[in-house]
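Trainee: Please take a close look at one part of this model. Start from a single pair of residues and work outward.

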Protein chains: 2
Amino acid sequence: VAVAIGVDVGGTKVLAVGVDLASPGRVVASSRVATPGGGTEDLAAAVVAGAVSVADRVVASGATVVAAGVGLPGLVDVDGCLRAAPNLSRGVGATLRAPLGDALRVPVVVDNDANCATWAEVVAGAGRGAREVVLVTLGTGIGGGLVSGGRLLHGGHGFAGEPGHMVVDPSGAPCPCGRRGCWERYASGSGLERLAREAAGRGEAPSLVSPEDPRGPSGERLAELARAGDGAATAVFATFAGWLGLGLANLVNLLDPELVLVGGGLVDAAELYLGRAREVALSSVMGAGSRPPTRIEAATLGPEAGAIGAALLAAGEGARSRG
Amino acid sequence: VAVAIGVDVGGTKVLAVGVDLASPGRVVASSRVATPGGGTEDLAAAVVAGAVSVADRVVASGATVVAAGVGLPGLVDVDGCLRAAPNLSRGVGATLRAPLGDALRVPVVVDNDANCATWAEVVAGAGRGAREVVLVTLGTGIGGGLVSGGRLLHGGHGFAGEPGHMVVDPSGAPCPCGRRGCWERYASGSGLERLAREAAGRGEAPSLVSPEDPRGPSGERLAELARAGDGAATAVFATFAGWLGLGLANLVNLLDPELVLVGGGLVDAAELYLGRAREVALSSVMGAGSRPPTRIEAATLGPEAGAIGAALLAAGEGARSRG
């Protein structure tokens with residue numbers, strides 16, 4: 001049995017998985033550790049340790065490790081170096097290809113984490129069979145991955161697929177990136193919580209104000225309230241869906257995918273916003289009514305999508321380079 | 001000598017050219033007529049007449065016509081049918097492949113006009129040698145074309161590359177498309193004139209107000225004034241450049257091209273805004289300072305780019321289909 005190792009490096013955890021390549025969505029072993037607090041060397045050590053731990057179990061089960069991939073949360077250049085990472089600045093400069101290749105003796109691919117998740121969905125998830133796909137991951141920020149002609153787009157330097165800092169309101173909410181009105185200030189998990197704080201601050205939403213939680217409700221709490229029928233929480237999700245749909249329409253106008261997938265942590269609450277976001281997007285794209293409606297759906301591989309995709313991407317690249 | 005025919009259909013004129021394929025930027029014959037006022041049959045007749053007129057001259061000169069292409073101003077589906085066209089609604093439904101193929105007996109390709117212009121710049125203009133390119137055409141609206149891996153991106157249905165209706169300010173200027181704050185309300189030729197009218201309306205710009213021109217200054221007049229040092233016109237171009245840069249940053253974040261080309265009618269005034277737009281875009285992309293600066297330059301093929309590109313696209317497709 002051929003297995004590829006995939007490692008997803010996040011701001012809080014490093015997840016390593018082994019993926020059975022004969023059944024590409026199937027994880028045969030996994031390992032999870034907290035993201036180390038130190039610099040690039042500590043990060044590399046954690047990635048190698050996670051990958052080796054999974055690889056050892058894979059080999060002990062009689063399977064063979066054929067490739068390894070790593071997904072990193074930021075701009076990854078064509079040499080696999082992390083060049084910018086808003087939520088993992090201490091990892092900037094990390095180059096993981098050599099240490100992981102030395103440890104496992106297999107071809108290694110390093111890519112952006114949302115690119116990896118996109119590839120996982122296309123090979124083994126909600127995007128199976130589609131050749132023109134855009135995925136957006138709704139988490140702390142908004143990540144993205146673009147597939148055209150059945151291949152991931154990387155752009156000129158490896159950095160393609162960053163919709164989160166698309167400015168959609170230049171006089172809007174300040175963004176840590178230094179600009180105002182980036183899409184992820186509205187349509188990400190942190191954007192959802194910001195919209196709730198704003199509604200509470202305007203005095204419109206007493207149900208969203210709790211003395212135990214002066215910073216406002218979490219996304220999970222908002223989802224609970226909305227599911228229980230709370231009007232203020234429902235209104236926040238409606239506003240959120242409008243912003244999500246607005247940005248998705250921008251992406252459909254530009255890329256005309258056959259399929260848009262919405263992934264990331266917020267996908268667990270998709271029933272609270274995805275229908276409305278779809279309506280907004282499809283009614284506002286150029287030529288709406290004169291074109292086939294783009295499918296807009298929830299991703300299905302969950303929080304392991306990035307690690308699975310890193311493994312599948314590495315296996316595919318390895319196959320190509322041996323081809 | 002092998003020649004391809006290219007026809008560019010605009011809201012006001014139909015331009016047909018013959019392009020020497022041994023020297024792909026070179027136009028050996030051309031024909032221009034006003035766009036007919038009637039429906040799709042009149043439009044097809046005008047396209048065929050223009051193409052035949054050029055083809056006759058090409059053949060009379062001893063050369064051979066090997067392919068023909070048509071660029072249309074709107075959403076063109078994979079079958080070559082015009083599905084939506086904000087500035088040529090009477091042409092919606094036009095299918096030109098069959099009539100043109102019957103008339104010329106060569107393979108025919110029909111594509112979006114800005115896609116054609118993009119291909120022309122990549123094969124024979126400012127984009128030569130580049131494989132990751134975004135072109136935006138600044139005219140009445142904003143058109144676009146995307147090249148990745150050296151190929152035009154068409155998306156799932158043929159409609160990719162429409163940045164003009166990217167919403168960049170949802171409470172902004174109303175757009176004929178029904179939404180508010182589309183990028184082309186700010187960074188196109190009509191957007192420039194709108195910005196000037198707004199400045200004049202606020203009483204900030206008496207030099208932009210003329211009794212002969214109650215609808216405000218044209219883009220050409222604004223450029224004249226700015227070149228002559230008029231402060232109000234210069235300020236309008238600075239605002240325009242800011243909006244252009246904002247949208248270009250969105251495109252660079254999403255697609256990471258090695259080269260962004262700015263074409264269309266407004267490119268004649270590029271010295272009045274392109275430097276500033278470049279500064280705004282490059283200073284505001286994600287990871288600015290940690291990534292190689294994307295080149296942002298003026299397109300060079302001028303108003304014939306669309307027709308030239310239609311010819312080159314047809315010649316390339318013909319070569320591919322002949323294997």
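Mentor: Start with A:Ala4. Its bridge partner in β2(A) is A:Val19. This is a predicted model, so local features need pLDDT of at least 70, side-chain atom pairs count only at pLDDT 80 or more, and totals for chains, interfaces and linings use all residues; side-chain values use heavy atoms, without hydrogens and water. Residues are numbered from 1 along each chain as its sequence is written, while chains are lettered from A and ligands numbered from 1 in the order in which they are written.

Now widen the view to the two strands. β1 (residues 2–9) and β2 (residues 13–20) of chain A are antiparallel partners, joined over seven bridges. Strands here are DSSP E runs of at least two residues, helices are H or I runs of at least four, and both are numbered from the N terminus. Two strands pair if DSSP finds at least two bridges between them. Strands of a sheet pair through backbone hydrogen bonds, either parallel or antiparallel.

The sheet comes next. It is open, has five strands in the order β3-β2-β1-β4-β7 (chain A), and its pairing is mixed. β3 (27–34) and β7 (108–112) of chain A each have a single partner strand, so one side of each has no neighbour in the sheet. From one strand to the next, the twist averages 15°. Angles run from 0 to 180 degrees between N-to-C directions, with axes fitted to C-alpha atoms, for helices over the stretch in contact.

A helix covers part of this. α3 (residues 113–124) of chain A lies across β1, β4 (64–72) and β7 of chain A, at about 105° to β7(A).

Chain B gives another hairpin to look at. There, β2 (residues 13–20) and β3 (residues 27–34) pair in the antiparallel sense over seven bridges. B:Val19 has B:Val27 as its bridge partner in β3(B). Six residues form the hairpin connection from β2(B) to β3(B).

Chain B also has an open sheet of five strands in the order β10-β9-β8-β11-β12, again with mixed pairing. Its edge strands, β10 (151–152) and β12 (295–298) of chain B, each pair on one side only. Within it, β8 (residues 133–138) and β9 (residues 142–148) of chain B are antiparallel over six bridges. B:Leu138 is matched with B:Ile142 of β9(B). Helix α8 (residues 274–284) of chain B packs on the sheet and touches β11 and β12 of chain B, its direction making about 160° with that of β12(B).

Last, the chains together. Contact (heavy atoms within 4.5 Å) links 43 residues of chain A with 43 residues of chain B. About 3,700 Å² is buried between chain A and chain B, 63% of it from carbon and sulfur atoms. Buried area is the accessible area (1.4 Å probe) that two parts lose on being put together, summed over both. Zero salt bridges (a Lys or Arg side-chain nitrogen within 4 Å of an Asp or Glu carboxyl oxygen) are found across the interface of chain A and chain B. On the chain A side, β6 (82–84), β9 (142–148) and α6 (231–255) are the elements that give two or more residues to the surface touching chain B. The largest share, eight residues, comes from α6(A).
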